[in-house]
Amino acid sequence: MPLAARRRRLRHGPHPVRPNKGVVLENSLSIKITRRNLLKAGAVSATAMATPSVACAQQAAQGAVLPTAVTVTLRVNGAARAVSLDMRTTLLDALRENLQLTGTKKGCDHGQCGACTVLLDGRRVNSCLTLAVMHDGADITTIEGLGTPTALHPLQAAFIKHDGYQCGYCTPGQICSAVAMLEEVEQGIPSHVSASLTERPPLGVDEIRERMSGNICRCGAYSNIVDAIVEVAQGKAGGKT
Ligand code: FES
Ligand code: FES
């Protein structure tokens, strides 16, 4: 080896091997892997993984009739209602489409606006995010069950008094949500803005805004909604008790 080459080797070590397309790599277990073989192996394993799911899908399409219709009994606004529906029906659609209770509104249908809020066994839920079949025998209260035109719920009366709405689309959800929210405060359940996690929080404006933040009003009637809720919380509103 010429002197210059020897010096270079001492300084930098031997030339690194740069494998290219045709070069055979050898790992510590002495398994010979070529680029072509590696690609072949990948294609084979991908096919093997895909095959069972394709077979299952073909089987389902060819033969089996999956059961979809079920009968569910919901106790809605105090009355037991048996309804036959597709098991994929949301509680919101069951109320609106099967029971014709259209007071509960569909806004986003994705759990983001609160327009579909109803009371499920006394707790507020977005009815677009839950299936009706999951609540066989449950107690559901919708806006129709809170009051009537001649005997308004105190929150309904307060919303009217304080102009807590403009188009009114979010209003049933706002009122159902507020009913459950006042109950949550009564039970001492804290929110993200509560100073204490153990003591019953005083119901200030910040508490109300935080606790009602899941109910969007596109008309922006928020300040009047808060006024209506404050009035009911202080026990001053009219309507039935
Ligand atoms: S419709 Fe259910 S949250 Fe918007
Ligand atoms: S009153 Fe129109 S969205 Fe609330």
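# A tour from the Asp109 loop through the sheet and its helices

Begin by selecting Asp109, which is found in the loop between helix 3 (91-98) and strand 5. The model on the screen is a predicted one, and every value given along the way should be read with that in mind. Colour Asp109 by its backbone torsions and a positive phi of about 65° appears, although Asp109 is not a glycine. If you then count around this residue, there are 15 C-beta neighbours inside 10 Å, and because a residue is called buried only from 20 upwards and exposed at 12 or fewer, Asp109 counts as partly exposed.

Before moving on, show the whole chain as a cartoon, where the secondary structure comes to 8 helices and 7 strands. Of the 241 residues of the chain, 28% count as buried. Among the contacts with a sequence separation of 6 or more, 57% are accounted for by residues 24 or more positions apart.

**The sheet**

Next, select the strands of the open sheet, which has 5 strands in the order 4-3-7-5-6, with mixed pairing. Its edges are formed by strand 4 (79-86) and strand 6 (123-126), each of which pairs on one side only. Looking across the sheet, you should find a twist that averages 40° from one strand to the next.

Go to one edge and select strand 3 (residues 69-76) together with strand 4; these two run antiparallel and are joined by 8 bridges. A convenient pair to label here is Arg75 and Ala80, since Arg75 stands opposite Ala80 in strand 4. Which residue takes a positive phi in the hairpin of strand 3 and strand 4? Select Asn77, whose phi is near 50°, in a hairpin that has 2 residues between the strands.

Now cross to the other edge and select strand 5 (residues 117-120) with strand 6, an antiparallel pair joined by 4 bridges. Within this pair, Thr117 stands opposite Asn126 in strand 6. Add helix 6 (residues 171-186) to the selection, and it can be seen to pack on the sheet, touching strand 5 and strand 6, with a direction that makes about 35° with that of strand 5.

**Helix 5 and its two partners**

Keep helix 6 displayed and add helix 5 (residues 154-161): the axes of helix 5 and helix 6 come within 10 Å and cross at roughly 130°. That angle makes helix 5 oblique to helix 6, and the crossing in which helix 5 passes helix 6 is right-handed. To see the contact itself, show the side chains of Leu155, Gln156 and Phe159 from helix 5 and of Thr171, Ile175, Ala178 and Val179 from helix 6. Sorted by class, this contact of helix 5 with helix 6 has 5 nonpolar, 2 polar and no charged residues.

Hide helix 6 and bring in helix 8 (222-233), whose axis comes within 8 Å of that of helix 5 and crosses it at roughly 135°. Helix 5 and helix 8 are therefore oblique to each other, and their crossing is right-handed. On the helix 5 side, select Pro154, Leu155, Ala158, Phe159 and Lys161, and on the helix 8 side Ala228, Glu231 and Val232, which together make the contact. By class, the contact of helix 5 with helix 8 has 6 nonpolar, no polar and 2 charged residues. Leu155 and Phe159 are worth keeping highlighted, since they are listed in the contact with helix 6 and also in the contact with helix 8.

**Two loop residues**

From helix 5, follow the chain into the loop that leads to helix 6 and select Asp163, which lies there. Asp163 has a positive phi of about 55°, although it is not a glycine. Is Asp163 buried, partly exposed or exposed? It is partly exposed, with 13 other C-beta atoms within 10 Å.

Finish at Gly214, in the loop between helix 7 (205-211) and helix 8. With 16 C-beta neighbours inside 10 Å, Gly214 counts as partly exposed. Leaving aside residues up to four places away in sequence, Gly214 touches Gly114 and Ser177, so select these as well. A distance drawn from Gly214 to Gly111, C-alpha to C-alpha, comes to 8.8 Å, while the two glycines are 103 residues apart in sequence.

Definitions and conventions. Residues are numbered from 1 along each chain as its sequence is written. Chains are lettered from A and ligands numbered from 1 in the order in which they are written. This is a predicted model: local features need pLDDT of at least 70, side-chain atom pairs count only at pLDDT 80 or more; totals for chains, interfaces and linings use all residues. Two strands pair if DSSP finds at least two bridges between them. Axes are lines fitted to C-alpha atoms, for helices over the stretch in contact, and angles run from 0 to 180 degrees between N-to-C directions. Two residues are in contact if their C-beta atoms, placed from the backbone, lie within 7 Å. Angles under 35 degrees count as roughly parallel, over 145 as roughly antiparallel, 65 to 115 as roughly perpendicular and the rest as oblique. A crossing is left-handed if the near helix is turned anticlockwise from the far one by less than a right angle, and right-handed if clockwise. Ala, Val, Leu, Ile, Met, Phe, Trp, Tyr, Cys and Pro count as nonpolar, Asp, Glu, Lys and Arg as charged, and the others, Gly among them, as polar.
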